[in-house]
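Colleague: I have some labels to challenge. Show me what you have, and expect to defend each term.

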Amino acid sequence: MRACTRAVVVAGLIGLATGAAEAQTARPNVTILATGGTIAGAAATGTQSGYTSGAVGIDAMIAGVPGITKLANIKGEQIANVGSQDMSFDILLKLAKRINELARSSDVDGIVITHGTDTMEESAYFLNLTVKTDKPVVMVGSMRPSTAVSADGPLNLYNAVGVAVDPRAKGRGVLVVMNDVIHAAHSLTKTSTTDVQTFMSPLRGVVGVASYGKNDFYNTPPWKHTTDSEFDISTVTQLPRVDIIFADLDMSPDLINASVAGGAKGIVIAGVGNGNMNKASVEAAAAAVKKGVVVVRASRVATGLVGRNVEVNDDELGFIASDELNPQKARILLTLALLQKRTPQQLQALFATY
Ligand code: ASP
């Protein structure tokens, strides 16, 4: 090669290398915090329904998503590796504190959390109330394990990173990205045990859609969250016990009494209809209130509000109505609310605010 040609080639290579370095630093920085779930699940074959959740580590998950590093400079951290049926407040407190730490760093533009779908709605809502950042915090899971034929995890993870780097995702609270849909933590719920289109936001609708890293946003959740939330877990290491009790035809009040005897500070009734329960249970719940236990009436019905004083006299009995929150999210809000003393009026106001 002649000297001048070589110089051009070398200059070109340097240019390419510089360009590559610039492209690398120009990309947003996303940290993926992994907690387990089916997205990290594995089975012996690609066509069996049985599998183990939380079997694959975060590095292998990232490596399994072609093109993901073109969206962002990605770092992975393993926070836990459990099926979300084993998600705990201990892990959630650790996760929320780590998100708050990462979000304070100017090196982090967005955070993605991989999580099982079974309790994703509760964890999303817990983080929505306890993380203190405007930066996108996006949760993601999958319905099929990583080894399945047509696994849904890789594209879900790709789309979650695509939302985490999108400036329009800022300030919308914790989001969940599954099967091309962006949900708000307040509104989503799991509706199918097996379908990849399991999450719905029945009352409020979805926040937007995500397609191969491109997003459309339709809605901003109206509820207080993240930077506007009054809940501060920075020094919290333990949370009060709140039980959920499922109401049904001719239910026994024994479970309410057992919950109180077991030390619950709060009870959420997954009531029939508009948060109802039979007379014996209303009496047991009223007796619990007299002992200082907070009773919230939610509903086992998939959609609709639970309003105050509709068929149950909340004012007289001292109950709280869950408003739009389903029982599992009402439990999260009540658990955090019980970290400090509040009047029934103040507690009721929280359910209209968060
Ligand atoms: N049991 C699993 C979990 O929640 C189910 C899933 O992730 O879809 O971890």
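Modeller: The structure holds 9 salt bridges. Keep in mind that this is a predicted model.

Colleague: What makes Lys190 and Asp118 a salt bridge?

Modeller: Their side chains come to 2.8 Å, N to O. The cut-off is 4 Å between a Lys or Arg side-chain nitrogen and an Asp or Glu carboxyl oxygen, so a pair inside it qualifies. Lys190 and Asp118 also link distant parts of the chain, 72 residues apart. Lys190 is in strand 7 (residues 189-190), and Asp118 is in the loop between strand 3 (110-114) and helix 5 (120-130).

Colleague: Why is Asp118 called partly exposed?

Modeller: Its relative accessibility is 42%. Buried means under 20% and exposed means over 50%, so a value in between is partly exposed.

Colleague: How do you know that Asp314 and Arg297 form a salt bridge?

Modeller: The N to O distance between the side chains of Asp314 and Arg297 is 2.7 Å. That is within 4 Å, so the pair counts. Asp314 belongs to helix 9 and Arg297 to strand 13, with their positions 17 residues apart in sequence.

Colleague: Are Asp314 and Arg297 buried or exposed, and on what grounds?

Modeller: Asp314 has a relative accessible area of 0%. Arg297 has 1%. Both values are under 20%, so both residues are buried.

Colleague: What about Arg308: where is it found?

Modeller: Arg308 is in the loop between strand 13 (294-299) and helix 9 (314-317). Leaving out residues up to four places away in sequence, Arg308 touches Arg297, Asp314, Asp315, Phe319, Ile320, Ala321 and Gln348.

Colleague: What makes Arg308 and Asp315 a salt bridge?

Modeller: The closest N and O atoms of Arg308 and Asp315 are 2.7 Å apart. The limit is 4 Å, so the label holds. By accessibility, Arg308 at 31% is partly exposed, whereas Asp315 at 54% is exposed. The cut-off for exposed is over 50%, which means that Asp315 passes it and Arg308 does not.

Colleague: Why is the link between Arg308 and Gln348 called a polar contact?

Modeller: The side chains of Arg308 and Gln348 are joined at 2.7 Å. A polar contact needs N or O atoms within 3.5 Å, so this one fits. The side chain of Arg308 also reaches the backbone oxygen of Phe319, at 3.0 Å.

Colleague: Which residues are linked in a network of salt bridges?

Modeller: Glu77, Arg98 and Glu101.

Colleague: Now the ligand. Which residues surround the ligand?

Modeller: Among them are Gly37, Thr38, Tyr51, Ser84, Asp118 and Ser142.

Colleague: How do you know that the ligand has polar partners at Thr38, Ser84 and Asp118?

Modeller: By distance. A polar side-chain atom of Thr38 is 2.9 Å from a ligand oxygen. An N or O atom in the Ser84 side chain is 2.5 Å from a ligand oxygen. For Asp118, a side-chain N or O atom is 2.7 Å from a ligand nitrogen. The cut-off is 3.5 Å, so these pairs fall inside it. Taken alone, the ligand exposes 270 Å², and the protein buries 93% of that.

Colleague: How do the residues of the shell around the ligand divide?

Modeller: Into 1 nonpolar, 9 polar and 1 charged. Gly counts as polar here, so Gly37, Gly83 and Gly116 go into the polar group.

Methods:
Residues are numbered from 1 along each chain as its sequence is written. This is a predicted model: local features need pLDDT of at least 70, side-chain atom pairs count only at pLDDT 80 or more; totals for chains, interfaces and linings use all residues. Side-chain values use heavy atoms; hydrogens and water are left out. A residue is near a molecule or strand if one of its heavy atoms lies within 4 Å of it. A polar contact is a pair of N or O atoms within 3.5 Å; within protein, one must be able to donate a hydrogen and the other to accept it, and residues adjacent in sequence count only if both atoms are side-chain atoms. Accessible areas come from the Shrake-Rupley method with a 1.4 Å probe; for residues, only the protein chains shown count as cover. Helices (H or I, at least four residues) and strands (E, at least two) are DSSP runs, numbered from the N terminus. Contact means heavy atoms within 4.5 Å. Buried means under 20% relative accessible area, exposed over 50%, partly exposed in between (1.4 Å probe, protein chains only).
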